[in-house]
Amino acid sequence: MTRPATSPEQEVVEARLVEAVVASFDACSDPRLKELMVSLVRHLHAFIRDVRLTEEEWGEAIEFLTRAGHITDDVRQEFILLSDTLGASMQTININNAAYENATEATVFGPFFVEDAPHVELGGDVAFGAPGEPCWVEGTVTDTQGNPLAGARIEVWEADEDGLYDVQYDAGKRSARGHLFSAADGSYRFWGLTPTPYPIPDDGPVGQMLAAVGRSPLRASHLHFMVSHPGTRTLVTHIFPEGDPIGERDSVFGLKQSLVKRFEQQAAGAPTPDGRVVEGTWSRVRFDIVLAPVGA
Ligand SMILES: [Fe+2]
């Protein structure tokens, strides 16, 4: 696909410009900033030259970024969607959360976490009235040696059965989210909702980009976790139901096979682990969480 410069003279002109821009950072006193800027310029120019970018295409790119800026505000962040849908968010997570022994893998954080999710006791219900099929979630939190971690803070959040997070209804609404702490033996349990697929916000330029290239905005069904404990690396991850039809086609490339879990469907009337009476069907899943040490 690469189309080279049209003549040796043209090659010299283009290469000379790249070196001039790179040299413009020579006086930068911050070595990391200099490294980032030089590499960015080299890759950007390589892209422009590789595709022989037209002036019309460059203009369209500027216009796209301008629209992404205009739609972005305190609650809508189009640039995160762009980063997510190009896999840049996931690649940054891969680089910064390298696999460590048997530690649970990380995935994308997403835009819907809030700091002040309500506390629930072990076995409590984080749905807070959000519509959806009840789901019993249980497991343990341990270090990579298998030692239980007591008092680990477990934040969970998810979309309701209509594919919406609480804050998408109302910035102050809190449902289908909460936090709890693992018990002395590292165990935890709570009631949530069986995850369902939902689209990322696709009414802006990123949605138009996805449509133009024939991609779906749907995310694979998932339940978000953020788990922290002193002395361990904070884990930001999801679990994904086995058999989800979106699965590997997740619009933000967040699915990792180790995070696919069996959500066992339960018939209406099946006895629940804590004796709760559930009207209709429910599901249950086990997710054992292993935290890597700090600095791993
Ligand atoms: Fe999500």
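Two strands pair if DSSP finds at least two bridges between them. Keep that cut-off at hand for the opening exercise, and remember throughout that this is a predicted model.

**Exercise 1. The sheet**

Work out how β8 and β9 are joined, and where β9 sits in the sheet.

*Solution.*
- Start with the bridges: strand β8 (residues 235-241) and β9 are linked by two of them, in the parallel sense. The cut-off is at least two bridges, so the strands count as a pair.
- Next, find a contact to look at: Phe 240 stands opposite Val 260 in β9.
- Now widen the view. The open sheet has five strands, ordered β3-β2-β7-β8-β9, with mixed pairing.
- Finally, look at the ends of that order: β3 (177-181) and β9 (260-261) are the edge strands, each pairing on one side only.

**Exercise 2. The iron site**

Identify the protein donors of the iron ion and classify the geometry of its site.

*Solution.*
- List the donor atoms: Tyr 165 (OH), Tyr 198 (OH), His 222 (NE2) and His 224 (NE2), at 2.0 to 2.1 Å from the iron ion.
- Place them along the chain, where the donors have the spacing Y-x32-Y-x23-H-x1-H.
- Take one pair, Tyr 165 and His 222, which are 57 residues apart and link distant parts of the chain. Tyr 165 is in the loop between β2 (153-157) and α6, and His 222 is in the loop between β6 (218-219) and β7 (223-228).
- Check the angles among the four donor atoms, which run from 89 to 164°. Four donors count as tetrahedral if all angles lie between 85 and 135 degrees. The range reaches 164°, so the tetrahedral label does not apply, and the site is irregular.

**Exercise 3. Burial of two donors**

Are Tyr 165 and His 222 buried or exposed?

*Solution.*
- The cut-off for buried is under 20% relative accessible area.
- Tyr 165 has a relative accessible area of 0%, so Tyr 165 is buried.
- His 222 has a value of 2%, so His 222 is buried too.

**Exercise 4. The pockets**

Describe the two largest pockets by volume and by lining.

*Solution.*
- Begin with the largest pocket, which has a volume of about 400 Å³. It has 16 lining residues, and the closest to its centre are Val 75, Arg 76, Pro 111, Phe 112 and Val 167.
- The elements giving two or more residues to this lining are α4 (78-85) and α6 (166-169). By class, the lining holds 10 nonpolar, two polar and four charged residues.
- Turn to the second largest pocket, with about 290 Å³ of space. Its lining residues include Glu 60, Phe 64, Arg 67, Leu 86 and Met 209.
- Helix α3 (residues 55-71) contributes the most to this lining, with six residues. The classes here are six nonpolar, no polar and three charged residues.

**Exercise 5. The cavities**

How many cavities of 30 Å³ or more are there, and which residues line them?

*Solution.*
- The count comes to two cavities of 30 Å³ or more.
- The largest cavity has a volume of about 90 Å³. Among its lining residues are Pro 111, Phe 112, Tyr 198 and His 224.
- Compare this list with the earlier ones: Tyr 198 and His 224 are also donors of the iron ion, and Pro 111 and Phe 112 are also among the residues closest to the centre of the largest pocket.
- The lining of the largest cavity has eight nonpolar, two polar and two charged residues.
- The second largest cavity has a volume of about 60 Å³. Asn 97, Thr 104, Arg 233 and Leu 291 are among the residues that line it. Its classes are six nonpolar, three polar and one charged.

Note on methods
Residues numbered from 1 in each chain as written. Predicted model: local features only at pLDDT ≥ 70, side-chain atom pairs only at ≥ 80, totals over all residues. Heavy atoms only, no water. 1 Å grid on protein atoms, 1.4 Å probe; cavity = no way out; pocket = protein on both sides within 12 Å on 5 of 7 lines; lining within 4 Å. Points joined across faces, edges and corners; volume = space filled by probe spheres on them. Helix = DSSP H or I, 4+ residues; strand = E, 2+ residues; numbered from the N terminus. Nonpolar A, V, L, I, M, F, W, Y, C, P; charged D, E, K, R; others polar. Donors = N, O, S within 2.8 Å, 3.2 Å for Na, K, Ca; no water. Tetrahedral: all angles 85-135°; square planar, octahedral: opposite > 155°, others 65-115°. Buried < 20%, exposed > 50% of the residue type's maximum accessible area, 1.4 Å probe, protein only.
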